[in-house]
There are 2 protein chains.
Amino acid sequence: MTSIPTANDIQRAHERILPHIHNTPILSSQFINEFTGAHLFFKCENFQKTGSFKMRGASNAIFSLNPEKRLNGFATHSSGNHAQAVAYACKTAGINAYIIMPKNAPKVKVDAVKNYGGKVIFCEPNETARQEACAKIVQETNALFIPPFDDLTIIIGQATCAKELIKAHADLDYLLTPVGGGGLASGTALSVKYFSPKTEVILGEPEIVNDTYLSLKAGKIIPVSKTNTIADGLKTTVGKLNFEIIKNHVKEVILVSEDEISSAMRMIWERMKIIIEPSCAVPFAALLSKKTFFKNKKIGIILTGGNVDLGNLPFKL
Amino acid sequence: MTSIPTANDIQRAHERILPHIHNTPILSSQFINEFTGAHLFFKCENFQKTGSFKMRGASNAIFSLNPEKRLNGFATHSSGNHAQAVAYACKTAGINAYIIMPKNAPKVKVDAVKNYGGKVIFCEPNETARQEACAKIVQETNALFIPPFDDLTIIIGQATCAKELIKAHADLDYLLTPVGGGGLASGTALSVKYFSPKTEVILGEPEIVNDTYLSLKAGKIIPVSKTNTIADGLKTTVGKLNFEIIKNHVKEVILVSEDEISSAMRMIWERMKIIIEPSCAVPFAALLSKKTFFKNKKIGIILTGGNVDLGNLPFKL
């Protein structure tokens with residue numbers, strides 16, 4: 001495999017993106033600590049610019065290139081948080097962002113990308129169509145393709161989130177994130193390896209989209225078969241580079257049901273008074289499903305994002 | 001009238017309650033600043049213990065008495081944030097809290113008080129019944145009555161919130177709060193008078209429950225006539241002591257419609273990713289209704305609370 005990024009790579013990425021991101025707050029809840037019997041530190045990427053950690057990877061990809069090299073802008077295919085992050089980071093850099101979206105994408109997501117200055121190109125709602133549309137735009141505009149997770153520059157960018165959490169709380173027993181494509185999960189594993197080697201990384205994954213869980217068992221990537229989870233940010237199969245890092249540096253994947261995701265999310269809304277999206281509740285749901293295991297431990301949890309369509313909630317509160 | 005509290009009263013109250021409250025964070029939103037053309041600093045009492053600023057007044061009332069004097073606990077009649085705050089502050093002090101609630105109070109509010117250790121006594125859902133039930137409990141238990149707003153100790157406690165905001169941002173042009181009974185509004189007016197005399201205090205009030213607006217016009221208290229607002233914390237008539245202070249130290253009351261309250265609340269949920277209750281959105285709605293007036297100003301807004309029944313939202317998102 002490609003050699004994995006170094007501590008220095010993460011350090012330099014962090015310096016590079018700091019002007020473009022928030023060092024997000026870390027919150028605790030007395031109620032949740034008492035309820036779980038553990039000491040929890042929530043790193044609130046729902047307060048990140050564009051409402052998710054994706055801003056870190058997108059900023060790193062864009063600002064790691066010289067202005068001449070990024071002159072023609074960037075293109076990506078996504079209808080989620082990565083699209084918003086790429087649009088906003090490109091706007092900051094004063095360049096074009098071309099976002100390929102399926103023509104049935106929810107209006108609220110299209111509007112969010114447009115509000116951040118992204119140029120939306122619609123395609124048929126299937127994988128082939130969106131890859132073709134993206135390739136066509138890249139050819140026409142000379143924009144650079146910016147992948148959502150299976151890319152070292154993206155992974156290094158996402159790694160800066162755990163780095164900030166570890167700097168604030170050096171002695172965590174566990175650090176939990178969700179896993180979808182694995183950008184954040186693999187980045188977190190690297191930051192823990194370099195900056196807090198005694199901490200163990202545990203991932204939460206929806207039962208319905210358990211590809212990372214199955215892949216770790218099989219020792220090779222098993223693609224997703226079903227995607228009907230409310231955790232809409234976690235529907236993708238884990239990426240190749242991401243899987244290599246996760247395989248070597250993650251302790252365990254805990255699977256959670258849809259009901260566990262909803263009720264974990266509701267507890268955070270109610271008790272912490274903050275808005276998180278369903279995908280974001282997955283690692284906390286994982287913790288709640290194994291309370292005895294986590295008892296008395298000091299645990300960091302990355303709350304990945306807060307982009308929810310309030311007019312059309314994808315879950316029952 | 002009774003002589004008004006001094007700066008020293010507020011300072012001592014703050015020292016007294018600091019172990020029992022959070023010095024809540026102050027958040028800003030780049031989007032909202034650009035949208036309004038102003039510089040806004042939101043003091044997040046939705047993150048306060050028990051989810052609202054009411055914890056400040058209740059703690060001050062309870063901890064300003066010697067342990068012998070508060071031995072028999074406290075009683076109050078409320079189905080809202082004051083009840084939760086009294087229950088929790090009494091639990092901290094190791095004494096009983098007797099909370100009179102109408103027998104038709106929502107289960108979620110009854111449960112919240114019980115979860116904080118309060119003893120709930122039900123009464124008929126009218127003003128006379130709840131005052132009688134409260135008087136009876138006070139007589140039976142020798143508990144002390146703790147009023148929700150029309151009381152100097154409560155006002156001084158609520159004043160500590162603006163004091164913290166002013167300490168963090170000394171040069172505010174305006175400081176905005178909602179007004180219901182006027183505990184927070186009058187306390188805020190006092191802190192501004194003493195600690196930031198160049199700042200002007202402006203109150204937001206629902207059009208439907210415009211008693212403070214009318215009372216200031218009339219120069220005397222005009223009781224509420226209608227209470228069918230979604231801002232369920234602001235249905236009460238302004239208190240006597242509160243009105244005296246507001247009359248002398250508040251610049252203006254801005255009235256807002258129910259739609260303005262909803263859409264202001266939604267903007268804060270969506271853009272700031274925090275949960276606030278409808279009453280809490282009223283001063284921000286007031287600002288949005290007079291954007292030209294507030295343009296380029298530096299403005300503090302107290303976000304008063306975040307206690308919303310998520311399973312039964314009193315508004316359409």
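## Helix crossings and a two-chain contact

A: Let's start in chain A of this predicted model. Ala13(A), His14(A), Arg16(A) and Ile17(A) in helix α1(A) meet Arg56(A), Ser59(A), Asn60(A) and Phe63(A) in α3(A).

Q: OK, what kinds of residues are in that contact of α1(A) with α3(A), by class?

A: A mix: three nonpolar, three polar and two charged residues.

Q: And at what angle do the axes of those two helices cross?

A: At roughly 90°, with the axes of α1 (residues 7–17) and α3 (residues 54–63) of chain A coming within 9 Å. So α1(A) counts as roughly perpendicular to α3(A), since angles of 65 to 115 degrees fall in that class.

Q: Let's hop to chain B. How do α1(B) and α7(B) pack?

A: Their angle is about 90° and their axes are 9 Å apart; α1 covers residues 7–17 of chain B and α7 covers residues 152–168. That makes α1(B) roughly perpendicular to α7(B).

Q: Which residues in α1(B) and α7(B) meet there?

A: From α1(B) you get Asp9(B), Ile10(B), Gln11(B), Ala13(B), His14(B) and Ile17(B). Across from them, α7(B) brings Ile156(B), Gly157(B), Ala159(B), Thr160(B), Lys163(B) and Glu164(B). By class, this contact has five nonpolar, four polar and three charged residues.

Q: New topic: how many salt bridges turn up over all chains?

A: A search of the whole structure gives 28. One of them pairs Glu164(A) with Lys43(A), whose closest N and O atoms are 2.7 Å apart.

Q: Where do Glu164(A) and Lys43(A) sit in the chain?

A: In distant parts of it, 121 residues apart. Glu164(A) is in helix α7 (residues 152–168) of chain A, while Lys43(A) is in strand β2 (residues 39–44) of chain A.

Q: What's the count of salt bridges between chain A and chain B?

A: Zero. Still, eight residue pairs are in polar contact across the interface of chain A and chain B.

Q: Which helix gives the largest share of chain A's side?

A: That's α11 (residues 258–272) of chain A, with five residues. Overall, the side of chain A that touches chain B divides into nine nonpolar, seven polar and six charged residues.

Q: How many residues does each chain put into the contact, and about how much area do they bury?

A: Chain A gives 22 residues and chain B gives 22 residues. The two chains bury about 1800 Å² between them, 56% of it on carbon and sulfur atoms.

Q: Which residues in chain A lose the most area to chain B?

A: Lys273(A), Ile275(A) and Leu310(A), together 36% of what that side buries.

Definitions and conventions. Residues numbered from 1 in each chain as written. Chains lettered and ligands numbered in written order. Predicted model: local features only at pLDDT ≥ 70, side-chain atom pairs only at ≥ 80, totals over all residues. Heavy atoms only, no water. Contact = heavy atoms within 4.5 Å. Buried area = accessible area lost by both parts, 1.4 Å probe. Salt bridge = Lys/Arg side-chain N within 4 Å of Asp/Glu carboxyl O. Polar contact = N/O pair within 3.5 Å; in protein donor to acceptor, adjacent residues only side chain to side chain. Helix = DSSP H or I, 4+ residues; strand = E, 2+ residues; numbered from the N terminus. Nonpolar A, V, L, I, M, F, W, Y, C, P; charged D, E, K, R; others polar. Axes fitted to C-alpha atoms, helices over the stretch in contact; angles between N-to-C directions. Parallel < 35°, antiparallel > 145°, perpendicular 65-115°, else oblique.
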